[in-house]
Amino acid sequence: WLFGHWQFLRKLVLGRYFLEGTWVGHYLKDGKELFTIERIDQSSGMTVIRGRELKGDDEKTRARWASDTVSIDAVRMQLTYAYTCDVFERKHTQQGLGTFAIVRENSFWPDKLDGYAADLIDGKADPNGRFGSFAATEKK
């Protein structure tokens with residue numbers, strides 16, 4: 001019960017495996033700016049990722065995804081996850097894989113996730129750097 005309600009306790013217990021927070025990313029695709037917003041939640045004892053992608057020109061949601069199949073390798077500083085994604089321009093749900101380096105430039109806690117996600121339907125990697133803020137998401 002305490003683990004699920006106190007983010008400070010999760011930080012202590014998970015240590016270098018702690019990635020919980022909101023991560024915002026940006027990349028260009030076909031000359032258009034796209035933004036990603038991901039929420040990484042570890043309150044249940046599992047790592048769950050939920051995200052969405054916004055078009056930069058009109059700020060409408062273009063896609064959303066979710067994953068509860070997440071691997072955090074604290075030694076290699078690597079985050080890898082399989083996801084299910086709905087791209088609203090397509091008529092079917094697709095699967096994909098994300099792999100990101102966990103970057104710790106200024107502290108023990110990660111500053112950035114740098115890598116890419118690729119939908120398995122076309123295999124094209126969308127490079128993306130995500131920046132997180134733990135203070136903005138801390139509830140208790």
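**Exercise 1. A pair around a loop**

Which residue forms a salt bridge with Asp-73, and how far apart are the closest N and O atoms?

Solution.
Step 1. The model used here is a predicted one.
Step 2. The partner of Asp-73 in the salt bridge is Arg-76, and the closest N and O atoms are 2.9 Å apart.
Step 3. Asp-73 has 22% relative accessibility and therefore counts as partly exposed.
Step 4. Arg-76 has a relative accessible area of 67%, so Arg-76 is exposed; the cut-off for exposed is over 50%.

**Exercise 2. The order of the elements**

State how many helices and strands the protein has, and in what order they run.

Solution.
Step 1. The protein has two helices and eight strands.
Step 2. Read from the N terminus, the order is α-α-β-β-β-β-β-β-β-β.
Step 3. Of the 140 residues in the protein, 39% are buried.

**Exercise 3. A salt bridge between buried residues**

Find the residue whose side chain meets that of Arg-10 in a salt bridge, and decide whether the two residues are buried or exposed.

Solution.
Step 1. The structure holds six salt bridges.
Step 2. One of them joins the side chains of Arg-10 and Glu-20, at 2.6 Å from N to O.
Step 3. Arg-10 is in helix H2, while Glu-20 is in the loop between H2 and strand E1 (21–29), so the pair ties together parts that are ten residues apart in sequence.
Step 4. Buried means under 20% relative accessible area. Arg-10, at 5% relative accessibility, counts as buried, and Glu-20, at 2%, counts as buried too.
Step 5. A network of salt bridges links Arg-10 and Glu-20 with Arg-39.

**Exercise 4. A salt bridge between two strands**

Name the strands that hold Arg-64 and Asp-86, and describe the contact of these two residues.

Solution.
Step 1. Arg-64 and Asp-86 form a salt bridge in which the closest N and O atoms are 3.8 Å apart.
Step 2. Strand E4 holds Arg-64 and strand E5 holds Asp-86, so the pair ties together parts that are 22 residues apart in sequence.
Step 3. Arg-64 counts as partly exposed at 46% relative accessibility. Asp-86 is partly exposed as well, with a relative accessible area of 24%.
Step 4. As a general point, side chains of opposite charge can pair when their charged atoms come close.

**Exercise 5. The largest nonpolar core**

Identify the residues that touch the most other members of the largest nonpolar core, and the strand that gives the most to this core.

Solution.
Step 1. The largest nonpolar core has 16 residues, and those touching the most other members are Leu-79, Tyr-81 and Leu-113.
Step 2. At least two residues of this core come from each of E4, strand E5 (78–87), strand E6 (93–103) and strand E7 (112–119).
Step 3. E5 gives the most to this core, namely five residues.
Step 4. In general, nonpolar side chains tend to be buried together in soluble globular proteins.

**Exercise 6. Two surface patches**

List the residues of the negative surface patch and of the nonpolar surface patch, and place a member of each.

Solution.
Step 1. Glu-33, Asp-57, Asp-58 and Glu-59 form the negative patch.
Step 2. Asp-57 is in the loop between strand E3 (48–55) and strand E4 (61–73), and Asp-57 is exposed, with a relative accessible area of 61%.
Step 3. Glu-33 is in strand E2 (residues 32–41) and counts as partly exposed at 41% relative accessibility.
Step 4. From Glu-33 to Leu-54 the separation is 21 residues in sequence and 8.7 Å in space, C-alpha to C-alpha.
Step 5. Phe-8, Leu-12 and Val-13 make a nonpolar surface patch of about 330 Å².
Step 6. Leu-12 is in helix H2 (residues 7–14) and is exposed, with a relative accessible area of 58%.

**Exercise 7. Positive phi angles**

Give the phi value of Asp-30 and of Met-77, and say where each residue is found.

Solution.
Step 1. Asp-30 is not a glycine, yet its phi is positive, about 50°.
Step 2. Asp-30 is in the loop between E1 and E2, and is exposed, with a relative accessible area of 75%.
Step 3. Met-77, also a residue other than glycine, has a positive phi near 55°.
Step 4. Met-77 is in the loop between E4 and E5, and is partly exposed, with a relative accessible area of 24%.

Conventions:
Residues numbered from 1 in each chain as written. Predicted model: local features only at pLDDT ≥ 70, side-chain atom pairs only at ≥ 80, totals over all residues. Heavy atoms only, no water. Patch = residues over 30% accessible without salt bridge, like charges linked within 9 Å, V, L, I, M, F, W, Y side chains within 5 Å. Areas by Shrake-Rupley, 256 points an atom, 1.4 Å probe, with all protein chains shown as cover. Salt bridge = Lys/Arg side-chain N within 4 Å of Asp/Glu carboxyl O. Lys, Arg positive; Asp, Glu negative; His and termini not counted. Charge placed at Lys NZ, Arg CZ, Asp CG, Glu CD. Helix = DSSP H or I, 4+ residues; strand = E, 2+ residues; numbered from the N terminus. Buried < 20%, exposed > 50% of the residue type's maximum accessible area, 1.4 Å probe, protein only. Core = buried A, V, L, I, M, F, W, Y, C linked by side-chain atoms within 4.5 Å.
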